[in-house]
Amino acid sequence: WNDPDMLMVGMNGLNLQMCQTHFTMWCMLNAPLMLGLDLRRIKKGDEIYKIIANSNVIALNQDSLGIQSKRIFTSYKPSDGKKISPDKDYITDCNRIDVLAKPLSDGCLALSFINLSQEKKNEEISVNLELMKKFLGNRVPEKFYCAETFCVKNLWTGDECIVSGGCFSINEIEACGNVTVKISPKTL
């Protein structure tokens with residue numbers, strides 16, 4: 001299991017958006033959720049509590065399939081024009097959006113769009129089933145390929161929508177923010 005060290009959620013130097021994204025990344029990676037903050041400072045219902053007690057996001061971390069997410073897309077474009085592979089190249093330029101994909105034991109997938117930049121991004125970022133298949137291989141549940149529509153649930157806001165065609169996208173994302181969704185295929 002990955003162990004990128006303790007969570008810094010709620011510690012000095014991180015705003016709420018950073019804390020939420022940090023927590024999401026640990027959950028997408030199946031990393032141990034060891035909090036490094038003084039829990040005596042947290043009150044039930046406050047903003048930090050809402051992050052560390054988000055059962056939808058924690059479920060990603062605790063999924064019995066135990067497969068960590070994989071980066072399937074990055075908006076990073078090298079200035080030298082060289083082609084990169086998002087699952088193999090380590091990228092140090094943080095002015096980008098990455099997309100992580102994680103198969104789940106209930107036959108669903110989680111996607112996390114993560115803005116590593118200090119600036120809000122207003123650009124469309126899309127991933128589709130072909131891209132997921134390229135990087136996840138046979139870990140993309142079979143029922144995704146016969147589905148005509150998908151239920152997409154935002155795990156931070158609780159908002160749900162129906163998407164057709166197997167293309168999943170965002171149009172904006174806050175600085176250091178994330179949009180993390182659970183995708184459930186709907187078959188006829």
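Why is strand 8 (residues 178-186) largely enclosed by the rest of the structure? Seven of its nine residues are buried, so the surrounding structure largely encloses it. Buried here means under 20% relative accessible area. The views below come from a predicted model.

**View 1. Six strands form an open sheet.** The strand order is 1-2-3-8-5-6. Pairing in this sheet is antiparallel. Strand 1 and strand 6 (160-164) are the edge strands, and each pairs on one side only. From one strand to the next, the twist averages 25°. Helix 1 packs on the sheet. This helix touches strand 2, strand 3 and strand 8. Its direction makes about 140° with that of strand 3.

**View 2. Strand 8 pairs with strand 3.** Six bridges link the two strands, in the antiparallel sense. One residue pair to look for is Ala 110 with its bridge partner in strand 8, Lys 182. Strands of a sheet pair through backbone hydrogen bonds, either parallel or antiparallel.

**View 3. Strand 8 also pairs with strand 5 (residues 149-154).** These two strands run antiparallel and are joined by six bridges. Lys 153 has Lys 182 of strand 8 as its bridge partner. Asn 154 stands opposite Val 181 in strand 8. Lys 182 thus appears in two views: it is the bridge partner of Ala 110 and of Lys 153.

**View 4. The largest pocket has a volume of about 700 Å³.** Its lining counts 26 residues. Met 25, Arg 71, Arg 96, Asp 98 and Leu 116 lie nearest the centre. Helix 1 (16-28), strand 1 (70-74), strand 2 (97-103) and strand 3 (109-115) each supply at least two lining residues. Helix 1 gives the largest share, five residues. By class, the lining holds 13 nonpolar, six polar and seven charged residues.

**View 5. The second largest pocket holds about 250 Å³ of space.** It is lined by 14 residues. Closest to its centre are Thr 74, Lys 83, Ile 84, Ser 85 and Pro 86. Strand 1 and helix 4 (129-136) each supply at least two residues of this lining. The lining divides into eight nonpolar, two polar and four charged residues. Strand 1 therefore links three views: it is an edge strand of the sheet, and it supplies at least two residues to the lining of the largest pocket and of the second largest pocket.

Methods:
Residues numbered from 1 in each chain as written. Predicted model: local features only at pLDDT ≥ 70, side-chain atom pairs only at ≥ 80, totals over all residues. Heavy atoms only, no water. 1 Å grid on protein atoms, 1.4 Å probe; cavity = no way out; pocket = protein on both sides within 12 Å on 5 of 7 lines; lining within 4 Å. Points joined across faces, edges and corners; volume = space filled by probe spheres on them. Helix = DSSP H or I, 4+ residues; strand = E, 2+ residues; numbered from the N terminus. Nonpolar A, V, L, I, M, F, W, Y, C, P; charged D, E, K, R; others polar. Buried < 20%, exposed > 50% of the residue type's maximum accessible area, 1.4 Å probe, protein only. Pairing = 2+ DSSP bridges. Axes fitted to C-alpha atoms, helices over the stretch in contact; angles between N-to-C directions. Contact = heavy atoms within 4.5 Å.
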